[in-house]
Amino acid sequence: MSGTGSSAASPRSAAEYRIEDLAHASGATVRTIRAYQDRGLLPTAERRGRANVYRDTHLARLRQIADLLDRGYTLASIKELLEAWDTGRGLGGVLGLVAEVHGPWTDEQAGRISRDELHARFGGAQDDQAVAEAVELGVLERVPGRDDEFLVPSPQELSVAVELHAAGVPLAAISVHLRELRGQVEHMASRFLEFTTEHVFARYLGHRPPTDTDAAEAAALVRRLRPLAQQTVDAELARAMRTFAPRHLQRHLGADAPADSDSSTSEQPFVRLPVETMRAVQRMVGPQNVAAFVAAAAEREVQTRTLDALASSHIKTRQVDQMG
């Protein structure tokens, strides 16, 4: 930082920057600062002689822009937010809402693990391919400058993989299972957000950008509703496991159905479809519609074959009649 005023200036006077100093203080380039000015994202600098003078307000604005860009916002949407701030509609609530949504959605704390510890937890065998797959899936994150150490965003997820591998599940199968599960969970998260937006948040997000008050109230609601998604999934998963786990065990043990059971409602044989086929169906109809699609396709095939058999039988009957 370099002031353009006299060295004897009062220490209480506002800081002043040349554009090069502002770039150094903010981490932006001179070219970026000028581009922001051209797009109206940054207030015009004060002209003093042949030099442009910037102040702390410019530095604060550059830091706001950088933070919003890091959170995935486009320059166009950032301009809308900043214009709302400049016209007095407030930005504090909006930034609070942004911070709330981007905050952690779990109380779990990330951990670290060395490469040797990782191999030891998975039986001692070194498997660089499995490590690369875990990094691609986000189960592990590389630590810059440390090839022998990884960040573990979810130690619980890593522990599940360790236990499954210890129980005899190959690492490749664990990766495939995680990919399939992640797709289904991402669909549930998307549906939950659509549901809450329609019934809860729509009234707060009617303005673009929302008013400072509405944004603050929406942020408070996010804090209240944050645990509901996981609680709902936990409850429904427990219910589903109570329903299907006994049936699964019964099928594999070959146990007879209870004597008083109705044969017309007894469980049908389980059919395993290829993984790629299931993925293709999910992409077409969504995970929630896979079962209905497969059932409808099977029923249509049965009906087609029945009609073919009837038509073939009718043709043969006519041929016999003609020969007679």
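Helices and strands here are DSSP runs, numbered from the N terminus: H or I over at least four residues for a helix, E over at least two for a strand. This is a predicted model, where local features need pLDDT of at least 70 and side-chain atom pairs need pLDDT 80 or more, while totals for chains, interfaces and linings use all residues. Residues are numbered from 1 along each chain as its sequence is written, and side-chain values use heavy atoms, with hydrogens and water left out.

I will start with helix α11, residues 228-253, which contains Val233. Val233 has 36% relative accessibility, so it counts as partly exposed; that class lies between buried, under 20% relative accessible area, and exposed, over 50%, with a 1.4 Å probe and protein chains only.

Val233 joins Leu181, Val185 and Met188 in a nonpolar surface patch with about 300 Å² of accessible area together. Helix α9, residues 171-201, supplies the largest share, three residues. For a patch, residues need over 30% relative accessible area and no salt bridge, and nonpolar side chains are joined within 5 Å. A salt bridge is a Lys or Arg side-chain nitrogen within 4 Å of an Asp or Glu carboxyl oxygen. Areas are Shrake-Rupley, 1.4 Å probe.

Next, the sheet. Three strands form an open antiparallel sheet, in the order β4-β6-β5. β4 (111-114) and β5 (141-143) are at the edges with a single partner strand each, so one side of each has no neighbour in the sheet. Pairing requires at least two DSSP bridges; β4 and β6, residues 146-152, have four. Gly111 has Val152 in β6 as its bridge partner.

Last, Asp21 in helix α1, residues 19-26. At 11% relative accessibility, Asp21 counts as buried.

Definitions and conventions: Patches are made of residues with over 30% relative accessible area and no salt bridge: like charges are joined within 9 Å, nonpolar side chains (Val, Leu, Ile, Met, Phe, Trp, Tyr) within 5 Å.
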